[in-house]
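Biologist: I'd like to learn how to read a structure like this one. Can we go through it together?

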Amino acid sequence: MRINKVTVRNYRILENLTVEFDNAITVIGGLNETGKSTLFEAIHRGLVLDPQAGGQVRESMKTAFADAPPEVTVEFTTGGTRYTAHKVFSGQTGRINLTAPGQPALNGEPAEKKLAQLLGMEELLGAQQKALDASFSMLFVRQGRSLEHSGEIIPPAGQLMELLQRDGSAGLLASEADLGVDKVVRQAVDGHYTQNRNQYRANSPAQAANDAFATAQAKATAAAANLAKLDTLAREIGEADRQLTESRKALEGLAANLSMQRDNLARALEARRNAELAEALAKAEEDKLANFNRSCDDLRAKSTELDRAVQEQAQRTTQLTAASARVRDNSSRLSDAQAEARLAEEAVSKARCSLAVAEAFVEAITAQTNHDLLVKQSADIRKLREERALLAATHESLMPLTKKAINDIRKLNENLVGLRAGRDAVATGITLNSASCGVTLDGKEIAVGERAIVTKEAHIAVGPHAVIQISPGGGKTLSDLEDAIREADKELDAKLEKLGAPNLAKAEELLASKEEAKRKMDGIDSTLGELIEDPEQFEEKLSKSVVALELAKKALEGLLEGMETPPKPDGADAARALVADGKVQLKRAETAERSARDSCEQIRTQSEGDIKTESTLRESISGHKARTDGLEGRIAELVRDLGDETQRQEQSSRLRDAATNLRRRAEACSQTATANNPDDIRLQIEALERDEVAESRRIDSAQKKRIANQTLLQANGVNDPHEEAALAMARQEEARLAFEAASGKASALLLLENLLTQQKKLINDRQAAPLVNRICGYLTPLFGPGATVEPVWDDKNAGFKTLRLFRPDRPKEGALAVEVLSGGAKEQVGAALRLALAELSLKARDEGITVVLDDAFVNTDSDRARKLMPMLLRASQKGIQVIILSCNPREYSGLGAARVDMPAPPVR
Amino acid sequence: MAVTFIHTADWQLGKPYSRIDNIEKRAILKNHRFESLKKIGELAEQHGASFIVAAGDLFDSSQPTREDVSRACDIIGGFKRPVFAIPGNHDFGGPGGPYSHDYFNRERECRAPNLKVLLTAEPVEGEGFVLLPCPLLSRHETGDPTEWLRIPGLADRFAGKARIVLAHGSISTFGTDAADDDEVGGHSTPNVLNLEMLDPSAFDYIALGDWHGTRRADSHPCAWYSGTHEPDRFPKGDDYKSGQVLLVQARRNSAPVVQPLSTGRCRWHIMEHSVDDADPAARFLAAMNATVAGHPADSTLVRLCISGSLSLASASKLERELESQKAALAHIRIKDLTTTTPTDAEIARLGDAAVNPLVAAVATKLRQMAAGNGAEAVTARAAIRELFNLAHETRA
């Protein structure tokens, strides 16, 4: 179908408008409110709206310009015939008139049916009028609403798809039966699995079977464990029985063995007793022999001892004789030595005497020397003292003459000189009356009230607030000065006189001699102090030296008295040499004396030893005599007891034979006892007894175990555990099979569901391919080669509900949902969808089809708008009649399309 | 002088049949054991048995319910001849066992005064016979219960009388047989009877209990297990017979004359069946009928192993048939080794790509997966069945 011409009258703003359309593309331009959209609506309603429609729809169509009803006349060509459909929308009196050349005109219902048939929508008439309206409006794109804002394809698209499918143009997606199976499969899977299909739903057959299997398994395990316990109990009873049998047998063996060993023990003890008896007898006989032998040995020893004693006695006698001779010899030697000692003693005495004399000489000479020194010192002291007394007198006489006195004189002298100078010059006196600070005259400070004489050019420093009085001549008259000079002379003379000096120079000379005297006195004092620290001690020392000298002289005289040739040493040194020689002589004499005494002592000691030896030997000889007597007595006794040598040998032989016999017997018994050691046997018996106890314990333990196990084993329940175990095992197997069956069924259903989903997608994609390919054809000019869309399928009605756009210029973004696209892209995709649907529809009808675009690209920018042109041209080339309503028709100038401008609205 | 008596054992009254899921069917099977018991009385009457010996395990549990005790006593009381019983491992004679309960003793006195439970190992003399009971006083007797029979000269006291031993337990020549069994029952706890230790000529008949099939014990020339009167397990081999009692004629110093008499109501069948796609349900039904041979379904138990390869449709039909058998039979245990492989036609029907493109695509994919042998292939085959069934349901 292609629309050729439309006439609209009394339709809202349009009073009377006729527009003719090109078969390919017509662009209708016009400003806002010139009635473009009204024309758009009028064409749509002229084709699909019931002319008798009332209510709001009809009210919205009325015009304010005239009282006449709205009328729309659409001229269109389909199947090679040009039809004119004229509709008057006057409510209940609304009418339709359909005419075509060479065909009878149709009115009313037949006309409506025919029109619907021509539009290919006759089955949507009547009750589905609204659906028809909506479906057809798929080809009428209103301002920017090619896709709903939610991204859903507006409902008519789905219905149009159905129509296309029914025509066979888009193929079949799924039959009702398919959908029915799909639905029941999903319901069935819902019954088995949770929503996300990863586990069985609670109470589902498989879950119930699984639970039942777990329960059955637990019961079977418990029952098997119980059986195993019972088997263990029974086996343990068997083991206990075996143990009992073995232990009892072992006990019997042990008892027999014990009895035998006890007999052995009795025999062994007997043998041991016999051995002990035999041993005792042998021992007694051996003792007897030993005693006899000992007595014989004793006899022999005694005899030997006696012989030795006799010999020893003879030796001692010889020794005694020798000792007596030595004693005598010693006495003679001692006398000689003593005489020698006496001579040595005398020599010592002489030497001592000589030494004493020499020492007395030394002493006397030393005392004399000492005394002489002290006497000389005494004379020196006396002389010094006299000298000092003279000096002291001089010093005493000059006592008043002091440095101060000299200074005073010197000052007086100076004063006098000053006075005389003042008198001689024009002298001026100054007096300081008062001052807060000092006044100096030639640098010398003047005290308050003092008067100073300025005799010549002088420098006076005056501080602030000083009041000085200057008076010529120091404030004194010349006579005053003369008086003063006289006074001063007098004073000076008086003082010199007092000092005993005629003038200052003499006084100073005297003072120097006084100080010299003092210095000398101090020197003498110092020398005296050195000579005598303490004068009393010096006197005592002096008097003692006199005494000592006297004593030494007397001692020397005493020693020299009677000496035939007394030594006469010449001086102290000779005396000292004499002393040294005396000491040497004395030492020599003393050594000789000590030697003589030692010799005496030695001889005396030797003599004492010899005397003692002599005495000891005498006593020994006497004692030995008693011992030999005793030995002789004892030997006689033994011989009496033991008999003579022959008798003794006979007796010894007898005793030896007896002992040997008894020893042999004892050894035999001992061997028997050793072979049957009762201790060993006892140990064996103890071991056996221990074994017996252990075996008894084993029996006891086995019996207890047996009783305990039997009690447990015979604890009878209601049901036989073997049967219970068998039943539990059987139930477990049943439950396992049941679970396998249930899970198998669930798995089968799940597989079905998965396959249905998978295959549905495959079919859908395959079936949607013609549409998708066509949409891509329209999108390529806009988004470039590779631009494609992916249908999003609605599982419920097996149709698709929206599209996803894949843009080659943004590969990373993948397929984009419509809702995230910009407004421009959204309306472009929508337009492509509609053009593709129209193209498919065109193919089905093999004739033209009209798509009306009413400002469909309000959100499209100028660049994209330019790219829209190839899309629209493509539609046109495919045989689609495109009608574009735009307030900006110049944008479409590139299409080279027919153009109609809407007339300006009439002004009322 | 010969004595004629009936030897029975292992009644296991009150057996709960725990492995059978359906409570009602358990009750039916439990009931069969009581009903079969009545048959023993009838046979005793019919064959002129002087008395009946029951060699242990009269009750399945050591604490039977009062109802079971009363019902048992009621039936035994109707036997009109003495019934000598020893306790077995299930109904052991010591404390905690059923015979120590006042209720039992009152009911026995009142309803079954002919029932003598022999709780002590001492001879019981009757006319022409002496009974030598070897009762189990606890479930696990570690000793040999027949040991007391080895006392020298014991048997000499009963000159001329048939010496009949009653014992319960396994014999050393063959072991217990329950551990790997499909159904619980008929096995022995290890109460071992050393019959070879007994003087072969000293005893004329040894009535044994514990083994649930009828068999002669080869460790003694005149020892027999009567087996249970009512089968309670699938047979272990061709020679396994149960659901019988033994009619015995015993005489001193003579070999006993032993005749098995049938008493059981239930039939336990082991069945193996192989199927192919040629009408498998009908052929299975025919095979089942041949096995059951007209025996009432409520006393028929089957252990079925079924194998073969089936189409989806055949598998569904066979499944329905098996469900029917499950409902009808007292019990059926199925080991299903069949594999389901959809035919091309089935696959085509399942999804015509032009009509149902989705299901068709899924079916094709599943078929590829099912071709293998691994776990995935098993799941895929199951998924094909599910898809087939669901598509079928959806269309319906």
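Biologist: Where in chain B does B:Arg19 lie?

Modeller: B:Arg19 sits in the loop between β1 (3-8) and α1 (23-47) of chain B. Helices (H or I, at least four residues) and strands (E, at least two) are DSSP runs, numbered from the N terminus. A word on the ground rules: this is a predicted model, where local features need pLDDT of at least 70 and side-chain atom pairs count only at pLDDT 80 or more, while totals for chains, interfaces and linings use all residues. Residues are numbered from 1 along each chain as its sequence is written, chains are lettered from A and ligands numbered from 1 in the order in which they are written, and side-chain values use heavy atoms, with hydrogens and water left out.

Biologist: Is B:Arg19 buried or exposed?

Modeller: Buried means under 20% relative accessible area, exposed over 50%, and partly exposed in between (1.4 Å probe, protein chains only). B:Arg19 has a relative accessible area of 7%, so it is buried.

Biologist: Which side chain does B:Arg19 join in a polar contact?

Modeller: A polar contact is a pair of N or O atoms within 3.5 Å; within protein, one must be able to donate a hydrogen and the other to accept it, and residues adjacent in sequence count only if both atoms are side-chain atoms. Here the partner is A:Glu734, at 2.6 Å. The two residues also form a salt bridge, with the closest N and O atoms 2.6 Å apart. That term asks for a side-chain nitrogen of Lys or Arg within 4 Å of a carboxyl oxygen of Asp or Glu.

Biologist: How many salt bridges are there between chain B and chain A?

Modeller: The count is three, and five residue pairs are in polar contact across that interface (both at pLDDT 80 or more). On the side of chain B that touches chain A, α7 (357-370) and α8 (375-395) of chain B each supply at least two residues. The most comes from α8(B), with nine residues.

Biologist: How many residues does the contact take from each chain?

Modeller: Contact means heavy atoms within 4.5 Å. Chain B puts in 41 residues and chain A 42 residues. Buried area is the accessible area (1.4 Å probe) that two parts lose on being put together, summed over both. For chain B and chain A that is about 3600 Å², 66% of it on carbon and sulfur atoms.

Biologist: Now for rings. How many aromatic pairs does a search of the whole structure find?

Modeller: A pair of aromatic rings is described by the distance of the centres and the angle of the planes. Rings of Phe, Tyr and Trp (its six-membered ring) pair if their centres lie within 6.5 Å; planes under 30 degrees apart count as stacked, over 60 as edge-to-face and the rest as tilted. The search gives 13 over all chains. One of them is B:Phe5 with B:Tyr205, edge-to-face at 5.6 Å centre to centre and 75° between the planes.

Biologist: Why does that pair tie together parts that are apart in sequence?

Modeller: Because B:Phe5 lies in strand β1 of chain B and B:Tyr205 in strand β10 (residues 205-209) of chain B, the pair links parts 200 residues apart. B:Phe5 is buried at 0% relative accessibility, and B:Tyr205 is buried with a relative accessible area of 0%.

Biologist: Which residues form one aromatic cluster?

Modeller: B:Phe5 and B:Tyr205 belong to it, along with B:Phe51, B:Phe84 and B:Phe129.
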